[in-house]
Amino acid sequence: MSLEAELTMTDEEKGVKKRLHQVDSLIRDSEQVNNARYHGAEDDWVRTLRLAFQCIGIIYGDIGTSPLYVYASTFTNGIKHNDDILGVLSLIIYSLILLPMAKYVFIVLWANDNGDGGTFALYSLISRYAKISLVPTQQSEDITVSNYHLEAISPELKRAHWLKKKLESSTMAKIILFILTILGTSMVIGDGVLTPVISVVSAVSGLKEKAPSLTTSQIDWISVAILVILFSVQRFGTDKVGYSFAPIISIWFLFIGGIGLYNLIHYDIGVLRAFNPKYIIDYFKRNGKEGWISLGGILLCFTGTEAMFADLGHFNVRSVQISFCSALFPAVSLAYIGQGAYLRKNPEMVLDTFFKSIPSPLFWPTFIVAVAAAIIASQAMISGAFAITSQSQTLGCFPRVKVMHTSKIYEGQVYIPEVNFALGLACVIVTFAFKDTTKIGNAYGIAVTSVMIITTILLTLVMLLIWKLSIWWIMLFFVVFGLIEFLYLSSVIYKFVQGGYFPVAVSFILMMMMGIWHYVHVNKYWYELNNIVSSDKLIALAEKHNLGRIPGVGFLYSELVQGVPPIFSHLVEKIPYFHSILVCVSIKHLPIPHVEYEDRFLFRQVEPAKYRMFRCVARYGYNDAIEDAKVFAVALMEGLQKYVNEENFFVQGERNHDQIYNRGLAAVHVEETLTLNIDVPEVTNLGEETAHIIEHEFQNGVVYLLGEAEVVANQNSNIFKKIVVNYIYNFLKKNFRQAGEILLIPPNQILKVGMTYEI
C-alpha cells in the first residue's frame with residue numbers, strides 16, 4: 001500500500017482495513033505473494049558477459065555502422081573550410097558522449113521496468129505508481145506483485161505525492177501521456193523500417209568503388225535481396241541470431257577501429273584537437289544556418305541509441321554498459337577520428353569517405369564485413385519493434401497479434417510474424433521509393449530525435465514520481481538533454497519535405513490504429529463494468545428461467561476483473577443452462593514484465609454459493625506467455641480447489657456483490673461486505689463438498705465460453721465516432737488474430753457467445 005493512502009485513512013477506515021485483513025479472501029491470497037524475481041534481477045557475471053557478447057550483435061549494429069554515411073550526410077554540399085572537419089568531428093564525439101553514453105547507458109537504462117525497457121515500459125512503470133491508465137482495472141492486490149514499499153516522509157516524497165494526485169485527477173494529463181507513449185512506440189516501429197534500408201543501401205553502394213558501371217536500380221535490387229534474407233531469419237529468435245551476429249559485428253569493430261587508427265597516424269594526428277569543444281563554436285560561427293542544417297546529418301552518428309533501451313528486455317543493464325564502453329565507443333570513435341584525418345588531406349572525397357579511406361589491400365575484406373554489419377544493423381530496431389509491439393498489445397493498445405517467445409532462458413526475446421512481414425514489406429517499398437540515402441537519413445532523423453525527446457519527458461516524470469531525486473538534478477537533466485535533442489529535431493524538421501515526412505506519416509497511421517483500438521477497448525470495458533450481473537440479478541435470472549445445470553466445467557472469458565460480465569445474462573436468457581462449475585475468467589496483464597506462477601490466480605466465490613460460480617483473475621506480466629489451454633485449465637482448477645478448501649477454515653462476513661470498497665487503495669468491486677459485528681458461523685462441510693464436485697466435474701471436461709462482443713456506436717453518436725467504431729475498429733478486429741488463437745484454445749472446445757455492445 002502506498003504511503004499517501006496510509007496518511008489519508010481515517011481511524012474508522014483503518015478499523016475496517018483490519019477486519020478486511022481477517023476475512024477478505026482475496027486480500028489474504030494476495031498477501032501470500034512472494035517477492036518476485038524478475039528478468040535481470042540476479043544475473044551472475046558469467047551470464048552478464050555472455051549477454052554483453054550478444055549485445056554486440058543485436059543492439060549495436062545500427063549505431064556501429066553509422067560511420068558508413070555520417071560525413072556524407074553532413075557535408076552534402078562539400079567541405080567549404082578545412083576546420084569544418086574539426087567542428088563536425090567535435091560535434092560527433094560529444095554527441096556520442098552525451099546522448100548514447102551519459103544519457104542512455106548511465107541514466108535511462110536504470111529506468112527499466114524490472115528488466116524491460118522502451119517507451120511502453122516507462123509508461124507502465126509510471127502507471128504502477130499513479131493510476132494513469134484509462135482502463136479501471138487497478139486492484140489493491142496488484143501492488144503486492146509490483147514491489148510497492150513504504151518510504152519515509154521527505155520533501156521529495158511530498159512532491160511525488162502532489163504530482164501523483166495531479167496526474168490521477170486530470171483526464172487530459174492521462175491522455176497526453178498515452179499519446180506520447182504511442183507516438184514513441186510508433187516512431188520506434190518506423191525506425192524498424194528505415195534502419196535496414198539506410199544501412200544496407202549504404203553498404204552495398206560501396207560496390208561502385210570497384211564496379212562503377214553499377215546503376216542505382218541494380219544497387220536497389222541487391223539491397224532488397226539482402227533485406228528479404230534478413231527478415232526471413234527472424235523466426236529463429238534473438239538468441240540464435242545474436243550468437244550468429246555478434247562475431248561479425250566484433251570483427252567489424254576491429255576493422256573500423258583499426259582502419260581509423262591507421263588513418264589517424266598516416267594522415268593527420270592533429271584532428272585530435274577536435275576534443276576541444278571550441279571548434280564546435282567556431283563551426284557555427286563560420287556556417288550559421290548551414291551549420292544548423294548540417295545537424296540533421298551529424299545526428300545519424302547516434303541513431304540506434306533508442307534500441308539499447310527498447311531491447312533491454314533481451315539483456316540486462318550491466319551487459320549493455322560493459323559492451324558499450326569496451327567495444328562500441330572506442331571502435332566507433334576511432335572510425336570517425338580516422339575519417340576526419342583522411343578528409344583533412346582529401347576533402348573532395350567527402351561524399352564517399354568511408355570506402356575511400358580504406359587502405360587498398362583491406363577493401364574487399366572490409367566491404368564484405370560492412371555488408372554483413374549493415375544487415376545486422378537492422379536487427380536492433382527489428383528486435384525493438386517486436387518487444388514494444390508485444391508490450392503494447394498486452395496493455396490493450398494494439399490489435400491482437402501472435403507473440404512467439406523464442407528463448408526459454410531469456411524471457412524478453414519474442415518474435416511476431418505479422419510485424420516481421422509488415423516491416424519487411426515496408427523496407428522493400430522504401431528502398432525502391434527513396435533510392436537516395438540522404439532522403440532516408442532525413443526521414444530517419446525525425447524518428448530518432450522524436451523518440452529521444454519523449455524518453456526525456458517520461459524519464460523526468462520517473463525522476464519526480466518514483467526516483468524522487470532533488471529538483472536541481474531533475475532540472476539539469478531535462479534542460480541539458482532536452483535542449484540538445486530539440487536542437488537536433490529542429491534541424492531535421494527543416495528537411496520535412498525532403499524525406500522527413502515519411503516517419504511522420506508512418507507514425508500517424510500507427511497512432512491512429514493504436515488510439516482507435518485503445519479507445520474502443522476502454523469504452524467496451526466501461527460498458528461491461530456498468531452492466532455487471534449482480535447477485536440480485538443472478539437470483540432473478542434463476543427464478544425467471546428455471547436455470548438448469550449440465551455436467552462439466554465452463555470457463556467464461558471476459559476482460560472484466562470486477563464482477564460477472566453481462567455476456568453471462570445474455571447467455572442464460574437464450575439458453576437457460578450452464579455448467580455445474582462455472583468460472584468467470586479474466587486474463588489480466590499487470591504493468592510489470594513478469595508474474596510468478598504462485599501469484600498467478602486470484603479467486604472469489606459468486607453469491608449465492610449454491611450456484612457454484614466463481615470468479616478468477618489470471619494475472620500475467622506483459623512479457624509472460626499464456627500457457628496452453630490444457631495446462632492453464634489444470635493450474636486454474638488446482639488453484640480453485642485450494643481456494644475452496646482454505647475458505648472452509650476462515651470466517652465469512654456478510655456479502656454483497658455490488659458493493660464498492662474504495663479506501664484510497666483502488667476502486668474495486670468486491671463480493672465481501674464487512675460488518676462491524678461479525679457472527680462466526682458453524683463450520684460446515686460445504687467446502688469439502690464443493691471441492692469434491694469441482695474435482696468430479698473437471699473430469700467431465702472443460703468448455704471455453706468466449707464472448708464475441710460486436711461493438712457499435714450508439715445511435716446518438718456523431719458520424720466520426722460511428723466511422724471509427726463501426727468500421728475501422730471492426731475492420732481491425734476481423735483482420736487480426738482472434739481471442740481463441742491468442743488464448744491457445746482448441747477450436748473444438750470453444751463455444752462463442754455473441755452480444756452487441758453499444759458504446
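1. T455 is a good place to start: at 3% relative accessibility this residue counts as buried (buried means under 20% relative accessible area, exposed over 50%, and partly exposed in between, with a 1.4 Å probe and protein chains only). T455 is found in helix α20, residues 437–467 (helices are DSSP runs of H or I with at least four residues, strands are runs of E with at least two, and both are numbered from the N terminus). Leaving out residues up to four places away in sequence, T455 touches K103, Y104, V108 and L122 (contact means heavy atoms within 4.5 Å).

2. A word on what you are looking at. This is a predicted model, in which local features need pLDDT of at least 70 and side-chain atom pairs count only at pLDDT 80 or more, while totals for chains, interfaces and linings use all residues. Residues are numbered from 1 along each chain as its sequence is written, and side-chain values use heavy atoms, with hydrogens and water left out.

3. Now the chain as a whole. The protein chain has 28 helices and 10 strands, and 59% of its 759 residues count as buried. Of the contacts with a separation of 6 or more, 85% are between residues 24 or more positions apart.

4. Helix α8 deserves a look. In this helix, residues 119–129, 11 of the 11 residues are buried, so α8 is largely enclosed by the rest of the structure. Among the buried residues of α8 are R128, S124 and T119, along with F120, L122 and Y129. You have already met L122, as one of the residues that T455 touches.

5. Next, a helix pair. Helix α7 (residues 83–105) and helix α16 (residues 317–345) pack at an angle of about 170°, with their axes 10 Å apart. That makes α7 roughly antiparallel to α16 (angles over 145 degrees count as roughly antiparallel, under 35 as roughly parallel, 65 to 115 as roughly perpendicular and the rest as oblique). Axes here are lines fitted to C-alpha atoms, for helices over the stretch in contact, and angles run from 0 to 180 degrees between N-to-C directions. The residues that meet include L89, I93 and L96 in α7, and F324, V332 and Y336 in α16. By class, the residues of this contact divide into 16 nonpolar, 3 polar and 2 charged (Ala, Val, Leu, Ile, Met, Phe, Trp, Tyr, Cys and Pro count as nonpolar, Asp, Glu, Lys and Arg as charged, and the others, Gly among them, as polar).

6. Helix α9 (residues 155–169) and α10 pack at an angle of about 90°, with their axes 5 Å apart. That makes α9 roughly perpendicular to α10. Here L167, E168 and S169 in α9 meet T171, A173, K174 and L177 in α10, and the contact has 3 nonpolar, 2 polar and 2 charged residues.

7. The second largest pocket has a volume of about 620 Å³. Its lining has 23 residues, of which A422, L423, I509, L510 and M513 lie nearest the centre. By class, that lining has 19 nonpolar, 2 polar and 2 charged residues. Helices α10 (171–204), α19 (417–434), α22 (501–530) and α27 (719–735) each supply at least two residues of the lining. For the terms: on a 1 Å grid over the protein atoms alone, a cavity is a set of points where a 1.4 Å probe fits but cannot get out, and a pocket is an open set with protein on both sides within 12 Å along at least five of seven lines; lining residues have an atom within 4 Å of a point. Grid points are joined across faces, edges and corners, and a volume is the space filled by probe spheres set on the points.

8. Helix α19 also holds T431, which counts as buried at 1% relative accessibility. Not counting residues up to four places away in sequence, T431 touches V197, V201, D220, S223, V224 and L227.

9. V401 sits in the loop between α18 (363–394) and β1 (404–405) and is buried, with a relative accessible area of 2%. V401 and F736 are 335 residues apart in sequence, yet 6.4 Å apart in space, C-alpha to C-alpha.

10. Finally, some backbone details to check on screen. The peptide bond from E607 to P608 is cis, with omega near 0°, and P608 lies in the loop between β5 (601–606) and β6 (613–620). R612 lies in the loop between β5 and β6, with a positive phi near 50°. K468, in the loop between α20 and α21 (471–493), has a positive phi of about 55° although it is not a glycine.
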